[in-house]
Amino acid sequence: MTNRQWRLASHPRGVPDLETWSLHDAPMPEPGPGQILIRTQWLSLDPYMRGRISPSANYAKGVSVGEVMQGGGVGEVVASNHPDWKPGDIAEAMNVGWQEYAVLTPDLPGSAKVNRVDPALAPPQATLAWLGMPGLTAYVGTLEIGRPKPGDTMVVSAASGAVGQIVGQIGKLCGARVIGIAGSDEKLAWCRSVGFDETINYKTTNDMAGAIAALAPQGVNVFFDNTGGPIHDAVLRNLAVAARVVICGRIALANDFEQEDIGLRASSRLIVTRAMIQGLVVFDWWHKREEAMSRLAGWHREGKLITKEDVLDGFERVPEAFLRMMAGRNSGKQLVRL
Ligand SMILES: NC(=O)c1ccc[n+]([C@@H]2O[C@H](COP(=O)([O-])OP(=O)(O)OC[C@H]3O[C@@H](n4cnc5c(N)ncnc54)[C@H](OP(=O)(O)O)[C@@H]3O)[C@@H](O)[C@H]2O)c1
């Protein structure tokens, strides 16, 4: 038996395409002492992967040409040399990679740890979405950095996506008025259906700064920025006094990874508003994972958190799924079911 893998074929310059990865047959891996072998059932497609395939990967080690593409996944244990894991258990980990089988080391610390999935609590793929890394990102970014409170106006970009959909709903639970920004009317209708108060389609709005000002005449108290770029600039023009800005992602600039991020110079606006801007790397917050998962699961059970995923079927379609998510053709958390 072989293990099919998607390996990086070349570092893309600009927008990656289907030739960026190539499909290989590798020998079936064997778990060593203390390790488990899983058969992958779900793979997660995330914007951070664009950084990992850049030759100058940023906060984490990138993928070298010829290596298996990095990525999180969920799978069933098929062999175990670890006393706490047995065949049939379901495992989730950030380092499964784009492959049909993976050897994992359950006892690694922090975000490298293998998490046990209890299918009685939620569908296993939820641990790649609202009950996993994107959920933790939304939870800590909103509650620890953005800190919306009743009466605040909060803006979230990429509002219908894996992170944004949770941010907006946590903002509502905190009593804020939430404005979602996304690139299609269909995505925005879904955001309103789960409680967002107002929405803006950035693809059909010429004057984004004006549109935000019209919906937030007292200014924006909390901005959860998933995109960077022109949306970022338009919201910064509208900050309220003592605003909190969470810099979570810059997908609008992801394909210009090696270029300088040049845009609005906001320093005078920041002085006037005494605003605070803070970057977020979810891996710094792994100690909050259990708290976040427990509260997100509670809200989900109570119907206060509604989530959406976008599933493609088939290992062959993993690169396609990544490219469609980067191009905004996903509607909700992008996953592939094997
Ligand atoms: N800092 C961290 O630790 C951390 C952790 C997780 C995620 N993130 C970041 O959070 C952001 C959202 O991630 P996600 O997993 O939830 O992805 P997602 O929102 O489910 O999918 C990405 C979305 O980005 C939007 N997009 C693509 N190109 C864009 C552009 N040029 N301008 C504006 N929007 C664009 C698209 O939606 P539209 O239809 O709206 O264009 C697309 O659906 C990403 O920037 C990601 O890197 C950061």
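This dialogue discusses how to read the fold, the domains, one helix and the ligand shell of a predicted model.

Student: Where should one begin with the overall form, and how many helices and strands are there in the protein?

Tutor: One begins with an inventory. This predicted model holds nine helices and 15 strands. Its C-alpha trace spans about 60 × 45 × 35 Å along the principal axes.

Student: What radius of gyration would a compact globule with 338 residues have, and what does the protein have?

Tutor: The expected value for such a globule is near 20 Å; the protein has 20 Å, and therefore the two agree. Two further figures describe the interior. Buried residues make up 46% of the 338 residues. Of the contacts with a separation of 6 or more, 66% join residues 24 or more positions apart.

Student: Which domains does the domain assignment give?

Tutor: Domain 1 comprises 2–129 + 308–337, and domain 2 comprises 133–283, according to the assignment. The contact between them takes 19 residues from domain 1 and 17 residues from domain 2. On the side of domain 1 that touches domain 2, there are six nonpolar, 10 polar and three charged residues. The centres of the two domains, taken over C-alpha atoms, are separated by 28 Å.

Student: How should one read a single helix?

Tutor: The general idea concerns direction: an α-helix has 3.6 residues a turn, so residues three or four places apart point the same way. One may then ask which residues are buried.

Student: Is helix 3 largely enclosed or largely open?

Tutor: Helix 3 (residues 164–173) is largely enclosed by the rest of the structure, because eight of its 10 residues are buried. A residue counts as buried when 20 or more other C-beta atoms lie within 10 Å of its own. The buried residues are Gly164, Gln165, Ile166, Val167, Gly168, Gln169, Ile170 and Gly171.

Student: Which elements do the buried residues of helix 3 pack against?

Tutor: They pack against helix 2 (133–146), helix 4 (185–193), strand 8 (153–157), strand 9 (177–182) and strand 11 (220–225). Just after helix 3, Gly175 takes a positive phi of about 95°.

Student: How many residues surround the ligand, and which are the closest?

Tutor: The ligand is surrounded by 30 residues, and the closest are Gly161, Gly183, Gly249, Val282 and Gly328. By class, the shell has 15 nonpolar, 12 polar and three charged residues.

Student: Which domains and elements supply the shell around the ligand?

Tutor: Domain 1 and domain 2 each contribute at least three residues to the shell. Helix 2, helix 6 (229–236) and strand 15 (333–337) each supply at least two.

Note on methods:
Residues are numbered from 1 along each chain as its sequence is written. This is a predicted model: local features need pLDDT of at least 70, side-chain atom pairs count only at pLDDT 80 or more; totals for chains, interfaces and linings use all residues. A residue is buried if 20 or more other C-beta atoms lie within 10 Å of its own, exposed if 12 or fewer, and partly exposed in between; C-beta atoms are placed from the backbone. Helices (H or I, at least four residues) and strands (E, at least two) are DSSP runs, numbered from the N terminus. Two residues are in contact if their C-beta atoms, placed from the backbone, lie within 7 Å. Domain bounds come from an automatic or database domain assignment. Ala, Val, Leu, Ile, Met, Phe, Trp, Tyr, Cys and Pro count as nonpolar, Asp, Glu, Lys and Arg as charged, and the others, Gly among them, as polar. A residue is near a molecule or strand if its C-beta atom, placed from the backbone, lies within 6 Å of it. The radius of gyration is taken over C-alpha atoms; the globule rule is 2.2 Å times the number of residues to the power 0.38.
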